Amino acid sequence: MLKNFSPKSLGINGRQSELIELALTYGFASMDIDMYEILRRSQRTTADDAAKFLKAAMGEGMGRLEQIGGFQLEINLDADDDAFTSQVGALHPLTELAADLEAKRAYIDLPAATDRLPYHEYFTTQQNRLSQVADVLSAKGIQLGVGFNSSKVLRESKEFDFVRNVEGLIAIVKAVSNPNVGYIIDTWDWAVGDGGMDQLSEIPGSSIVAVRLGTLADDADPSKATRLDCVLPAVEGGLNHVNVVKHLIATGFEGPISPSASPTRYKGQTRENTVKEAQEAIDAICTAAGVEVKPLPMDLIEDIPYEPTPVA
């Protein structure tokens, strides 16, 4: 598994160099990136210049990023046919860049609701669209991770519900029947979306693309929960996160595992402090699950004995 820094999952923004510095400082082995932003920069300058900070941070050794965790696709699966076709067409230069950076995972979210078609007809539409996206990605060796939104209150009113629970997610990923397509296991969505460890335990590590750990806030009403009610992962909280990590180990999952939380829950504190708390939360869960957690680069520096400079 890769302890992964996902700025989007924590609601953190910043320049590429600032986000990379946060990832390195707090001992993350990988991080999610904005591939579209790097592509836009590469079109203004060069690919090497656009990704220079990222490439400088990657490599072997302590205090380096081992690999890219993944990247979010800017594809609206609920768009009209022309818009969707255009978005899929834009994947070709994006996947070229991703392959150059050795990125192996892309993420997409299912619509929670739609005005277009009733559930069963829309299910077939989504099945076909996911297959199209996966075909473009697989040509460059990139997996497609599929997630969903379990929020109980939709931000915009739609005529037909679509995937808002674990049962729906599992059904559509299985229906796509493409080995390159797998699950994004977000434990907040999993718990709020009526999922349990029994369903998770049936999913092999090879079918999981990425994992995000988050907990439903104590003051939230599960029947009305929205993403604003997601706080940093605790050992218990909807799902037992230690058991989740043990399952990932047992099934050979090798992908990114990220802490997740709504930034509204951490108003008034610095971006760095939020990342520090996120790192501490995920390290505590992994340690309790029997995973060796590497020391932070700053801790290694502190362990080096002081040697005074000789006086001539």
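In this predicted model, the largest nonpolar core takes in 85 residues, and Phe71, Leu73 and Leu144 are the ones that touch the most other members. Helix H8 puts in the largest share of this core, with seven residues. Leu144 gives a good idea of what life in the core looks like. Setting aside neighbours within four places in sequence, leucine 144 is in contact with Leu73, Ala106, Ile108, Leu130, Val133, Ala134, Leu137, Asn180, Val181, Gly182 and Val209. So much for the core; next comes the framework.

The protein chain holds 14 helices and twelve strands. Its radius of gyration is 20 Å, close to the 20 Å that the globule rule gives for 312 residues, so the chain is as compact as a globular protein of that length. Laid along the principal axes, the C-alpha atoms fill a box of roughly 85 × 45 × 40 Å. Of the 312 residues, 49% count as buried. Contacts also reach across the sequence: among those with a separation of 6 or more, 78% come from residues 24 or more positions apart.

Eight of the strands form a closed barrel with parallel pairing, in the order S1-S2-S3-S4-S6-S8-S9-S12. Ignoring direction, neighbouring strands of this sheet are turned by 30 degrees against each other on average. Walking around part of the barrel shows how the strands are stitched together. Strand S2 (residues 30–33) pairs with S3 in the parallel sense over three bridges, and the bridge partner of isoleucine 33 in S3 is phenylalanine 71, a residue already met among those that touch the most other core members. On the next step, S3 and strand S4 (residues 105–109) are joined, again parallel, over two bridges. Here glutamine 72 stands opposite tyrosine 107 in S4.

From S4 the path goes on to S6, and these two parallel strands share five bridges. Aspartate 109 stands opposite glycine 147 in S6 at this seam. S6 then pairs with S8 in the parallel sense over three bridges, with valine 146 opposite tyrosine 183 in S8. Burial runs high in these strands: five of the six residues of S3 are buried, as are four of the five residues of S6.

Glutamine 72 deserves a second look. This residue lies in strand S3 (residues 67–72), and its side chain makes a polar contact with the side chain of aspartate 109 (3.3 Å). Leaving out neighbours within four places in sequence, glutamine 72 is in contact with Lys8, Ile33, Tyr36, Tyr107, Ile108, Asp109 and Arg212. The list includes Tyr107, the residue that stands opposite glutamine 72 in S4.

Helix H9 (residues 166–176) comes next, and its buried residues are Val166, Gly168, Leu169, Ile170, Ile172, Val173 and Val176. The cover over these residues includes helix H8 (119–138), strand S6 (143–147), strand S8 (181–186), helix H10 (187–192) and helix H11 (197–200). Both ends of H9 have something to show. At the N-terminal end, asparagine 165 acts as a cap, with a side-chain oxygen 3.4 Å from the backbone nitrogen of glutamate 167. Just after the helix, serine 177 takes a positive phi of about 50 degrees.

The chain then enters the loop between H9 and S8, where asparagine 178 has its place. With a relative accessible area of 18%, asparagine 178 counts as buried, because the cut-off for that label is under 20%. Its side chain reaches the backbone nitrogen of asparagine 180 at 2.8 Å. Not counting residues up to four places away in sequence, asparagine 178 touches Ala134 and Asp135. Ala134 is also one of the contacts of leucine 144.

A last stop is asparagine 128, found in helix H8. At 43% relative accessibility, asparagine 128 counts as partly exposed. The C-alpha atoms of asparagine 128 and alanine 175 are separated by 9.6 Å, although the two residues sit 47 residues apart along the chain.

Note on methods
Residues numbered from 1 in each chain as written. Predicted model: local features only at pLDDT ≥ 70, side-chain atom pairs only at ≥ 80, totals over all residues. Heavy atoms only, no water. Buried < 20%, exposed > 50% of the residue type's maximum accessible area, 1.4 Å probe, protein only. Contact = heavy atoms within 4.5 Å. Polar contact = N/O pair within 3.5 Å; in protein donor to acceptor, adjacent residues only side chain to side chain. Core = buried A, V, L, I, M, F, W, Y, C linked by side-chain atoms within 4.5 Å. Pairing = 2+ DSSP bridges. Axes fitted to C-alpha atoms, helices over the stretch in contact; angles between N-to-C directions. Rg over C-alpha atoms; globule rule 2.2 N^0.38 Å.
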